[in-house]
Amino acid sequence: MTPLEILLLILCLGLAIGCLLQGRRRSSPASPGSEADRASVLESVLEGLGDSCLLLNSNHDIAFANHETLDLFRVTGDLRGRPLASLISDERILQFIRRLDASGAKWAEEEFRSPIVRGNLADERFLVVSAAPVQLSGDAPGRYLRVVIRDETDRHETEQIRKDFVANASHELRTPLSIINGYLENLLEGDIDDPAMSRKALITMQKHGERIARIVEDMLTLSKFESVGEKGIAGLRAASFSCRECAEDVIERLAPLVEEKRARFRLHFPPDGADEIKGDRFYWDQIFFNLIENALKENKPGNLEIAVTMAREDAASVIRIADNGIGIPRADLPFIFKRFYRVAKHHSQKIKGTGLGLSIVRRAVESHGGTISVDSTLGLETVFTIRLPDYLPDPEPQPAAPAD
Ligand code: ADP
């Protein structure tokens, strides 16, 4: 809540709270400018604030609570007259309010990571609670406490993701950079005069330079997808295109790796143009590239088979990319879409990758309103399944359907 809103809230409370506390008990019709009018103005202001607002009497019973309060604590009915402790179970928040009341302070604010119990489940929320005493006149004069509870869970989570991302990115970049710096130092200290040592240093530096470039490129792609993704499907350049063609183009681009791994491909798509999907082709190139490249690079040559298939199921296109390779351990499966996560232990450390590929894929799929999941059995197969619903915007206007 902004300071202006707080000011407005206090002003309105002073004018009309008495009427609210009485439940608008006046029997005569409201005349313009009457207390009833002002109470309804106040009510609409309080309901529109987007934060939970409560007014407590001197016993800390609820004298008023707006709708946000009901939504936040997942309760129904009239809260008036109920003790605050029956709504808020977190003793730290109750103590904070009691302390403020006893201290005579004008205002206080504190942040709480607090469980909100909904049925049998406790959902942890990040709450910013502020409280201030208010002196009311009118029908119910006296000293009250105004409590505003702002649910900042989403903002907090986004902030945490951003912090993790910066920390992970710096960590990932630091290793190749310090290797390059180490070799540079050795060169300056004399290795430069030894052609064999110079060559070794340059080759290693080039390899790590390429790795930095790859990480930065993936980070830029992810960041682009995230900023476009915020606008949802509207942020995409959606058009119809053949899913089969997109997959075939990617396989062609990956020809050297396909050859190196001696991989066989099995493509299965619906015929007669039914393999068309609507979406941003640039995103789908990334999706197919990252998934097919993973299926190739993570697995050893010899008998490697990769299936890329598409089927229509329940008003959705279901696209699967499956390989019969090394597989992913069950314990790693929940994490592989996380940024920078790599199942390094059972694979060769030499496999090129940034751990960002699958984050990019998931982001791109979700931007299209789709979902992606993975299933894998060690030593047997890995299957990525994309489910893309049919409700993307139509690129071309469709003829009106005939009336029934
Ligand atoms: P990277 O850029 O390292 O490939 P990804 O996010 O694309 O990162 O993948 C994360 C991890 O998931 C990889 O490091 C790899 O260990 C594992 N992985 C992804 N696809 C496969 C697959 N088809 N087979 C086995 N492991 C895979």
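Analyst: Two strands are said to pair if DSSP finds at least two bridges between them, where strands (E, at least two residues) and helices (H or I, at least four) are DSSP runs numbered from the N terminus. The model is a predicted one, in which local features need pLDDT of at least 70 and side-chain atom pairs count only at pLDDT 80 or more, while totals for chains, interfaces and linings use all residues. Residues are numbered from 1 along each chain as its sequence is written, and side-chain values use heavy atoms, with hydrogens and water left out.

User: What makes β11 and β12 a pair of strands?

Analyst: Seven bridges join β11 to β12, and the two strands run antiparallel, so the requirement of at least two bridges is met. One of these partnerships links Thr377 to Glu381 in β12. The hairpin of the two strands has three residues between them, and within the hairpin Gly379 takes a positive phi near 75 degrees.

User: Which strands make up the sheet that contains β11 and β12, and in what order?

Analyst: Five strands form an open sheet in the order β7-β9-β10-β12-β11, with mixed pairing. The edges are taken by β7 (264-268) and β11 (371-377), because each has a single partner strand, which leaves one side of each without a neighbour in the sheet. Neighbouring strands of this sheet are turned by 15 degrees against each other on average, direction ignored, where axes are lines fitted to C-alpha atoms, for helices over the stretch in contact, and angles otherwise run from 0 to 180 degrees between N-to-C directions.

User: How do you know in which sense β7 and β9 pair?

Analyst: β7 and strand β9 (residues 305-313) pair in the parallel sense over five bridges, and one bridge partnership joins Arg266 to Ala307 in β9. At the other edge, β11 has a covered face made of Ile372, Val374 and Ser376, and an uncovered face made of Thr371, Ser373, Asp375 and Thr377. In a regular strand the side chains alternate between the two faces of the sheet.

User: What makes β1 and β2 a pair, and in which sense do they run?

Analyst: Strand β1 (residues 52-56) and strand β2 (residues 62-65) pair in the antiparallel sense over three bridges, and the bridge partner of Leu54 in β2 is Ala65. Their hairpin has five residues between the strands, and His60 there takes a positive phi near 65 degrees.

User: Why is Thr175 given its exposure class?

Analyst: Buried means under 20% relative accessible area, exposed over 50%, and partly exposed in between, with a 1.4 Å probe and protein chains only. Thr175 has a relative accessible area of 44%, and is therefore partly exposed; this residue lies in helix α5 (residues 153-188). Ile161 also lies in helix α5, and its value of 47% makes it partly exposed as well.

User: Why is Asp272 placed in its exposure class, and what about Ala315?

Analyst: Asp272 reaches 79% relative accessibility and so counts as exposed; it lies in the loop between β7 and β8 (276-279). Ala315, found in the loop between β9 and β10 (316-323), has a relative accessible area of 53% and is therefore exposed too. Asp272 has a positive phi of about 55 degrees although it is not a glycine, and Ala315 likewise has a positive phi of about 55 degrees without being a glycine.

User: How many residues surround the ligand, and which are the closest?

Analyst: The ligand is surrounded by 21 residues, the closest being Asn294, Lys297, Arg342, Thr354 and Leu358, where a residue counts as near if one of its heavy atoms lies within 4 Å of the molecule or strand in question. The shell divides into nine nonpolar, eight polar and four charged residues, with Ala, Val, Leu, Ile, Met, Phe, Trp, Tyr, Cys and Pro as nonpolar, Asp, Glu, Lys and Arg as charged, and the others, Gly among them, as polar.

User: What makes the approach of Arg342 to the ligand a polar contact?

Analyst: A polar contact is a pair of N or O atoms within 3.5 Å; within protein, one must be able to donate a hydrogen and the other to accept it, and residues adjacent in sequence count only if both atoms are side-chain atoms. An N or O atom in the side chain of Arg342 is 2.9 Å from an oxygen atom of the ligand, which therefore falls within the cut-off. A polar backbone atom of Gly355 is 3.0 Å from a ligand oxygen atom, and a backbone N or O atom of Gly357 lies 3.4 Å from one. Taken alone the ligand exposes 530 Å², of which the protein buries 99%, by the Shrake-Rupley method with a 1.4 Å probe, only the protein chains shown counting as cover for residues. The elements giving two or more residues to the shell are α9 (281-297), α10 (357-367) and β12 (381-389), and α9 provides the largest share, three residues.
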